[in-house]
Amino acid sequence: QVQLVESGGGLVQPGGSLRLSCAVSGINFSIYDMGWYRQAPGNQRELVAAINSGGNTNYADAVKGRFTISRDNAKNTVYLQMNSLKPEDTAVYYCNAEVKWGRRYNYWGQGTQVTVSS
């Protein structure tokens with residue numbers, strides 16, 4: 001059974017920081033490309049940051065310089081360090097795992113709420 005379990009969300013003031021974690025089980029984590037997505041009310045889900053199996057990263061323009069994605073293959077966990085948070089970062093954040101191995105395998109976590117407000 002594949003599980004992606006996010007944690008670390010919460011309420012934070014503008015300018016603050018949060019660290020999201022996504023613990024993964026049931027798959028060979030090291031071969032998967034991992035991503036963090038977010039969805040605010042009324043908006044489509046959007047990619048925030050991604051890290052591939054080789055450790056290469058990419059970020060949405062809106063978070064470049066403020067967010068950092070990383071992975072620990074020994075712990076089957078991907079992280080999202082979020083600094084200098086803004087009210088527009090408020091959303092539900094989702095963890096995603098994907099690999100193309102003959103066919104495409106794609107899995108999602110249940111999401112964790114991040115609210116940036118004073």
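How many bridges join β7 to strand β8, and in which direction do the two run? In this predicted model, six bridges connect β7 with β8, the latter covering residues 77–82, and the two strands run antiparallel. Within this pairing, Ile69 stands opposite Leu80 of β8.

The pair belongs to a wider arrangement. Strands of a sheet pair through backbone hydrogen bonds, either parallel or antiparallel. Here, four strands make up an open sheet in the order β1-β3-β8-β7, and the pairing is antiparallel. The edges of this sheet are held by β1 (3–7) and β7 (67–72); each has a single partner strand, so one side of each is left without a neighbour in the sheet. On average, and with direction ignored, neighbouring strands of the sheet are turned by 15 degrees against each other.

Strand β3 leads to the next feature, the disulfide. A disulfide is a covalent bond between the sulfur atoms of two cysteines. The count of disulfides in this structure comes to one. It is formed by Cys22 and Cys95, whose sulfur atoms are 2.2 Å apart. Cys22 lies in strand β3 (residues 18–25) and Cys95 in strand β9 (residues 91–101), so the link ties together parts that are 73 residues apart in sequence. The angle about the S-S bond is -85 degrees, and the link of Cys22 and Cys95 is left-handed. Are these cysteines buried or exposed? Cys22 has a relative accessibility of 0% and therefore counts as buried. Cys95 is likewise buried, because its relative accessible area is 0%.

Another buried residue is found in strand β4, which spans residues 33–39: this is Trp36. Its relative accessibility is 0%, which means that Trp36 counts as buried. The side chain of Trp36 reaches the backbone oxygen of Tyr79 at 3.4 Å. Trp36 and Arg19 are 17 residues apart along the chain, and their C-alpha atoms are separated by 12 Å.

Strand β4 also contributes to the charged contacts, through Arg38. The structure holds five salt bridges. Which residues are linked in a network of salt bridges? They are Arg38, Glu46, Arg66 and Asp89. Between Glu46 and Arg38, the closest N and O atoms are 2.8 Å apart. The two partners stand in contrasting surroundings: Glu46 is partly exposed, with a relative accessible area of 39%, whereas Arg38 is buried at 7%.

Arg38 forms a further salt bridge with Asp89, where the closest N and O atoms are 2.9 Å apart. Why does this pair connect separate parts of the chain? Arg38 lies in strand β4, while Asp89 lies in the loop between β8 and β9, so the salt bridge ties together parts that are 51 residues apart in sequence. Asp89 has a relative accessible area of 1% and is therefore buried.

A salt bridge is also formed by Lys64 and Asp61, with the closest N and O atoms 3.1 Å apart. Asp61 is exposed, because its relative accessible area of 65% is over 50%.

Conventions:
Residues numbered from 1 in each chain as written. Predicted model: local features only at pLDDT ≥ 70, side-chain atom pairs only at ≥ 80, totals over all residues. Heavy atoms only, no water. Buried < 20%, exposed > 50% of the residue type's maximum accessible area, 1.4 Å probe, protein only. Polar contact = N/O pair within 3.5 Å; in protein donor to acceptor, adjacent residues only side chain to side chain. Pairing = 2+ DSSP bridges. Axes fitted to C-alpha atoms, helices over the stretch in contact; angles between N-to-C directions. Disulfide = S-S within 2.5 Å. Salt bridge = Lys/Arg side-chain N within 4 Å of Asp/Glu carboxyl O.
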